[in-house]
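Okay, thanks everyone, I'll keep this short. Have a look at the structure on the screen, and then I'll walk you through some aromatic rings.

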Amino acid sequence: VVTFSCIANAESMCVFGACDYCYRVNNNSMTRSKKKYIPLEGALLRIRMLEKTLPIESEGIFEQLSAYVAHSLFNVARSNFKFDNFGKVKKDIGKAINDPKITGYLKVACKKAKGKERLAAGALYRHYFLLIKLFSLVD
C-alpha cells in the first residue's frame, strides 16, 4: 500500500537491473527466502546515485545521506561477514570506507546521526571490524 502511493506520487524513479536490497528476514516475512548477502557494489551504486540526485548541499539532506551511508555499509559488512572470510571483508569494506567521500559521510553520521546509525558509523569510521563481525554472529 505504501509502496504504490510512493511510486504513484514520485516525480522521478530509478530502477536497477539487480536486486541488491534485502529487507529484514524474519519467519513472518514474505522475504524470508531471499538471500541475506548484500553486495558492496550495489550499496556503493545506490550511494553514488543518491549523491547525483539529492541536493546534498543542504545540511539536512547531507546528514540524512550520511546516516543512510552508515546504515547501508554496516549492513553490507555485517552480511558479508556471514559469508566471506574476515580478511577479505575487512579489505573490501576498508577500501570502500577509506574513500574520502564515504569517510566524510561516516564522520558526519558519528556526530549527527541518532541511534543505530550513529553506532554503525562509529564502528565503520574507526574500523572496528571485529565488533561488526561479532554482531553478525549474534544477528
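One definition before we start: a residue is buried under 20% relative accessible area, exposed over 50%, and partly exposed in between. Keep in mind that this is a predicted model.

So, Tyr 37. Its relative accessibility is 26%, and because that sits between the two cut-offs, we call Tyr 37 partly exposed.

Now, the rings. A pair of aromatic rings is described by the distance of the centres and the angle of the planes. There are four aromatic pairs in this structure, and I'll show you two of them, starting with Tyr 37 and Phe 83. Their ring centres are 5.7 Å apart and the planes sit at 90°, so that's an edge-to-face pair. Where are the two partners? Tyr 37 is in the loop between α1 (2-8) and α2 (40-53), while Phe 83 belongs to helix α3 (residues 59-83), so the pair ties together parts 46 residues apart in sequence.

Next up, Phe 62 and Tyr 105. Here the centres are 5.2 Å apart with the planes at 40°, so this pair counts as tilted. Phe 62 is in helix α3 and Tyr 105 in helix α5 (residues 100-112), so this one links parts 43 residues apart in sequence. And are they buried or exposed? Phe 62 is partly exposed, at 25% relative accessible area, whereas Tyr 105 is buried, at 3%.

Last stop, away from the rings: Asn 85, in the loop between α3 and α4 (86-97). Asn 85 is exposed, at 52% relative accessibility. A polar atom of the Asn 85 side chain lies 3.2 Å from the backbone nitrogen of Gly 87.

Key
Residues numbered from 1 in each chain as written. Predicted model: local features only at pLDDT ≥ 70, side-chain atom pairs only at ≥ 80, totals over all residues. Heavy atoms only, no water. Phe/Tyr/Trp six-rings, centres within 6.5 Å; stacked < 30°, edge-to-face > 60°. Helix = DSSP H or I, 4+ residues; strand = E, 2+ residues; numbered from the N terminus. Buried < 20%, exposed > 50% of the residue type's maximum accessible area, 1.4 Å probe, protein only. Polar contact = N/O pair within 3.5 Å; in protein donor to acceptor, adjacent residues only side chain to side chain.
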